[in-house]
Amino acid sequence: MEHPLLFLSLLLEALGLPAHGGHSALAQALAPHMQYSYLAMIICLVLAKLGTSRKDMVPRGMQNVMEMFVGSLEEFIDEQTHDNKKTMIIFPMIATFAIYILVGNYLGLIPGFMSPTANLNVTLGCTIISIAAYHLLGIRFHGIKYIKHFMGPIPAMAPMMFPIEIFSHIGRILSLSIRLFGNMVSKEILLGLLFMLAGPYLAPLPIMILGVLVCLLQAFIFMVLSIVYSVEAMAESH
Amino acid sequence: MGGIKEELSSLFQSFSTATTIALSVVFSTFAGVLTGYYLDNHVFKGRTTPWLTLIGLLFGLAGGVNNFFLLTKRFNQEKEKQDKKKGETDKGK
């Protein structure tokens with residue numbers, strides 16, 4: 001299959017860098033999904049900078065948008081945790097995931113760009129951070145008693161409940177990462193196929209409209225699930 | 001008051017609920033079976049062939065059901081809370 005046309009890859013190739021993947025460390029650090037991941041990070045940083053560079057009492061422009069985003073996100077997490085202290089602990093992680101994944105998803109809708117989230121490595125990385133973070137939070141809030149979360153309600157059933165809980169946690173990792181990856185990559189493949197088969201003008205438009213919705217939805221789901229699992233880890237055991 | 005926004009957010013919630021619950025059940029079963037299969041064929045070199053896979057399947061299924069109950073409980077609570085809030089604002093009108 002041909003390479004898709006990617007502007008950043010072309011740019012890097014013109015500079016003489018290995019931009020289409022390979023086996024050396026540099027080539028892997030500059031693979032297409034990494035390039036667009038860096039781009040998404042830069043966009044996030046610029047958004048944050050624009051939002052906080054001039055703090056007026058009456059917000060205008062970018063500051064307004066960022067304040068609305070941060071405020072409504074905090075309210076949303078508060079509804080789930082019922083405790084502002086807990087909210088403040090998980091808020092930075094959740095907000096970072098939300099902005100990064102949202103930006104990453106929407107990058108794929110611009111011609112010549114790809115979604116960094118359409119690569120399993122990126123989504124699996126995000127998922128592992130989220131899963132490790134909530135286990136660490138559980139240990140921080142409950143100490144060694146966190147293991148009771150894995151033991152089920154009756155002590156006699158503990159040897160049976162333990163593997164069950166382990167598998168359910170593995171299932172969470174897989175479902176969280178593969179859903180985001182699958183939705184994004186399916187959108188890209190579908191768009192590519194329609195471009196090739198049905199002509200480049202209006203045929204892919206319905207899929208792109210659907211893509212706009214799916215991007216938002218997937219970022220939202222990733223965020224909600226991270227919140228739900230963190231809250232579950234911080235709550236008292238059954 | 002913000003009709004379409006509420007509609008959209010409730011649509012999102014139900015979408016996310018449905019896909020999440022289904023996928024977490026499927027993938028924990030999958031994880032169980034794969035672990036059992038790996039133990040059977042690569043750790044014990046086929047001496048225990050069908051049994052560990054079957055046990056893994058059972059544990060994985062149970063893990064899926066566990067995830068199912070956790071998530072349904074969670075989302076039901078939220079739904080009830082939202083309904084209650086909605087009822088109160090309706091009374092306020």
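Colleague: Across the interface of chain B and chain A, how many residue pairs are in polar contact?
Modeller: The rule finds 3 such pairs between chain B and chain A, with both residues at pLDDT 80 or more. A polar contact is a pair of N or O atoms within 3.5 Å; within protein, one must be able to donate a hydrogen and the other to accept it, and residues adjacent in sequence count only if both atoms are side-chain atoms. This is a predicted model, in which local features need pLDDT of at least 70 and side-chain atom pairs count only at pLDDT 80 or more, while totals for chains, interfaces and linings use all residues. Residues are numbered from 1 along each chain as its sequence is written, chains are lettered from A and ligands numbered from 1 in the order in which they are written, and side-chain values use heavy atoms, with hydrogens and water left out.

Colleague: How many salt bridges are there between chain B and chain A?
Modeller: The count for this pair of chains is 0. A salt bridge here is a side-chain nitrogen of Lys or Arg within 4 Å of a carboxyl oxygen of Asp or Glu.

Colleague: Which helices of chain B supply the side that touches chain A?
Modeller: Helices α1 (3-43) and α2 (49-92) of chain B each supply at least two residues of that side. Helices (H or I, at least four residues) and strands (E, at least two) are DSSP runs, numbered from the N terminus. Chain B has 2 helices and 0 strands.

Colleague: How many residues does the contact take from each chain, chain B and chain A?
Modeller: Chain B gives 26 residues and chain A gives 28 residues, where contact means heavy atoms within 4.5 Å.

Colleague: What area do chain B and chain A bury between them?
Modeller: They bury about 2,400 Å², 71% of it on carbon and sulfur atoms. Buried area is the accessible area (1.4 Å probe) that two parts lose on being put together, summed over both. On the side of chain B, F12(B), F59(B) and R74(B) supply 26% of the area buried against chain A, more than any other three residues.

Colleague: Let us turn to chain A. How many helices and strands does chain A have?
Modeller: Chain A has 8 helices and 0 strands. The C-alpha atoms of chain A fill a box of roughly 60 × 50 × 40 Å along the principal axes.

Colleague: What share of the residues of chain A count as buried?
Modeller: Of its 238 residues, 42% count as buried; in chain B, with 93 residues, the share is 28%. Buried means under 20% relative accessible area, exposed over 50%, and partly exposed in between (1.4 Å probe, protein chains only).

Colleague: What does R179(A) touch?
Modeller: Not counting residues up to four places away in sequence, R179(A) touches L174(A), Q218(A), I221(A) and L225(A), as well as T19(B), T20(B) and L23(B). R179(A) lies in helix α7 (residues 158-198) of chain A and is buried, with a relative accessible area of 5%.

Colleague: How far does α7(A) reach from its first C-alpha to its last?
Modeller: With 41 residues, α7(A) reaches 57 Å, close to the 60 Å expected at 1.5 Å a residue. The expected span is 1.5 Å times one less than the number of residues. After α7(A) comes G199(A), whose phi is positive, near 90°.

Colleague: And α8(A), how many of its residues are buried?
Modeller: In α8(A), 21 of the 30 residues are buried, so this helix is largely enclosed by the rest of the structure. One residue of helix α8 of chain A is S230(A), which is buried at 0% relative accessible area. Leaving aside neighbours within four places in sequence, S230(A) is in contact with I90(A), M93(A), Y134(A) and L137(A).

Colleague: How many aromatic pairs are there over all chains?
Modeller: The count is 6. Rings of Phe, Tyr and Trp (its six-membered ring) pair if their centres lie within 6.5 Å; planes under 30 degrees apart count as stacked, over 60 as edge-to-face and the rest as tilted. F97(A) and F222(A) form an edge-to-face pair, 5.3 Å centre to centre with 70° between the planes. F97(A) is in helix α5 (residues 84-107) and F222(A) in helix α8 (residues 205-234) of chain A, 125 residues apart, so the pair links distant parts of the chain.

Colleague: Is F97(A) buried or exposed?
Modeller: F97(A) is buried at 8% relative accessible area, and F222(A) is buried at 2%.
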